[in-house]
Amino acid sequence: VILSRLHFAAALIQQESACTAYGAGAPTACIVDVGDEKTSVCCIEEGIVNPASRLLLNYGGNDITDILYQLMKQVSFPYVECDSSNPFDAALLKLLKEAHCYLEMELYGIKSYTFDVECPGKRVTAYQMQLLDEVCLAPMGVFYPDLFP
């Protein structure tokens, strides 16, 4: 109905993984899409999706954030009032994950991190923490799903 109202002559339904490979200029690729709640893997061969290679995993970025939070709590996460069900704290945890998690084992070592907590009606509070391998272990859960609850 919407297409006819907008006077479209046709519509094309295409798989996202094929579009990703095409957009990257790679006729053959393995596309890994890590979303908040799921991870999908699909191989493209000469621009065509290989149906035997499709894989859907029921974990994603939110699970990595949860694992990072659990690991940080084990090493005395300084923001003890943190509540992952609070939208402000959940956004903070996601920001910490995106800013500090990596998979490069060469960067191994104790590092100091600082972050600010901003909540409505409260003063901005600065925290400092030291982490070792927690920032690497959390994203490793993608390859070792037993880490996820």
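A residue counts as buried under 20% relative accessible area, as exposed over 50%, and as partly exposed in between. The exercises below use this cut-off on a predicted model.

**Exercise 1. The salt bridge**

Find which side chains meet in a salt bridge, and say whether each of the residues is buried, partly exposed or exposed.

Solution.
- Step 1. The structure holds 1 salt bridge.
- Step 2. Its partners are Lys38 and Asp33, with a nitrogen-to-oxygen distance of 3.9 Å. The cut-off for such a pair is 4 Å, so the contact qualifies.
- Step 3. Asp33 has 29% relative accessibility and is therefore partly exposed.
- Step 4. Lys38 has a relative accessible area of 36%, so Lys38 is partly exposed too.
- Step 5. As a general point, side chains of opposite charge can pair when their charged atoms come close.

**Exercise 2. Positive phi values**

For His7 and Glu46, state the phi angle, the place in the chain and the exposure.

Solution.
- Step 1. Most residues other than glycine have a negative phi.
- Step 2. His7 has a positive phi, near 65 degrees. Its place is the loop between helix 1 and helix 2.
- Step 3. The relative accessibility of His7 is 71%, so His7 counts as exposed.
- Step 4. Glu46 also has a positive phi, near 50 degrees. Glu46 sits in the loop that joins strand 2 (39–45) and strand 3 (48–49).
- Step 5. With 62% relative accessible area, Glu46 is exposed.

**Exercise 3. A nonpolar patch**

Name the residues that form a nonpolar patch on the surface, and place Phe8 in the chain.

Solution.
- Step 1. The patch is formed by Ile2, Leu3, Leu6 and Phe8.
- Step 2. Together these residues have about 430 Å² of accessible area.
- Step 3. Phe8 belongs to the loop between helix 1 (2–5) and helix 2 (16–24). His7 is found in the loop between helix 1 and helix 2 as well.

**Exercise 4. The largest pocket**

Describe the largest pocket by its volume, the residues closest to its centre, the elements that line it and the kinds of residue in the lining.

Solution.
- Step 1. The volume is about 220 Å³.
- Step 2. The lining has 13 residues, and those closest to the centre are Glu16, Ser17, Ser40, Cys42 and Arg54.
- Step 3. Two or more lining residues come from each of helix 2, strand 1 (29–34), strand 2 and strand 4 (55–57).
- Step 4. By kind, the lining divides into 5 nonpolar, 4 polar and 4 charged residues.

**Exercise 5. Separation in sequence and in space**

For each pair in the table, read off the separation along the chain and the distance between C-alpha atoms.

| Pair | Residues apart | C-alpha distance |
|---|---|---|
| Val32 and Cys42 | 10 | 6.7 Å |
| Val80 and Ile67 | 13 | 16 Å |
| Val135 and Gly60 | 75 | 16 Å |
| Gly25 and Met140 | 115 | 28 Å |

Then give the element and the exposure of the residue named at the start of each row.

Solution.
- Step 1. Val32 is in strand 1. Its relative accessibility of 49% lies between the cut-offs, so Val32 counts as partly exposed. Its partner in the table, Cys42, is among the residues closest to the centre of the largest pocket.
- Step 2. Val80 lies in the loop between helix 3 (61–74) and helix 4 (87–100). At 64% relative accessibility, Val80 is exposed.
- Step 3. Val135 is part of helix 5, residues 134–140. Its relative accessible area is 2%, so Val135 is buried.
- Step 4. Gly25 occupies the loop between helix 2 and strand 1. Gly25 has a relative accessible area of 59% and is therefore exposed.

Terms used
Residues are numbered from 1 along each chain as its sequence is written. This is a predicted model: local features need pLDDT of at least 70, side-chain atom pairs count only at pLDDT 80 or more; totals for chains, interfaces and linings use all residues. Side-chain values use heavy atoms; hydrogens and water are left out. Patches are made of residues with over 30% relative accessible area and no salt bridge: like charges are joined within 9 Å, nonpolar side chains (Val, Leu, Ile, Met, Phe, Trp, Tyr) within 5 Å. Accessible areas come from the Shrake-Rupley method with a 1.4 Å probe; for residues, only the protein chains shown count as cover. Helices (H or I, at least four residues) and strands (E, at least two) are DSSP runs, numbered from the N terminus. Buried means under 20% relative accessible area, exposed over 50%, partly exposed in between (1.4 Å probe, protein chains only). On a 1 Å grid over the protein atoms alone, a cavity is a set of points where a 1.4 Å probe fits but cannot get out, and a pocket is an open set with protein on both sides within 12 Å along at least five of seven lines; lining residues have an atom within 4 Å of a point. Grid points are joined across faces, edges and corners, and a volume is the space filled by probe spheres set on the points. Ala, Val, Leu, Ile, Met, Phe, Trp, Tyr, Cys and Pro count as nonpolar, Asp, Glu, Lys and Arg as charged, and the others, Gly among them, as polar.
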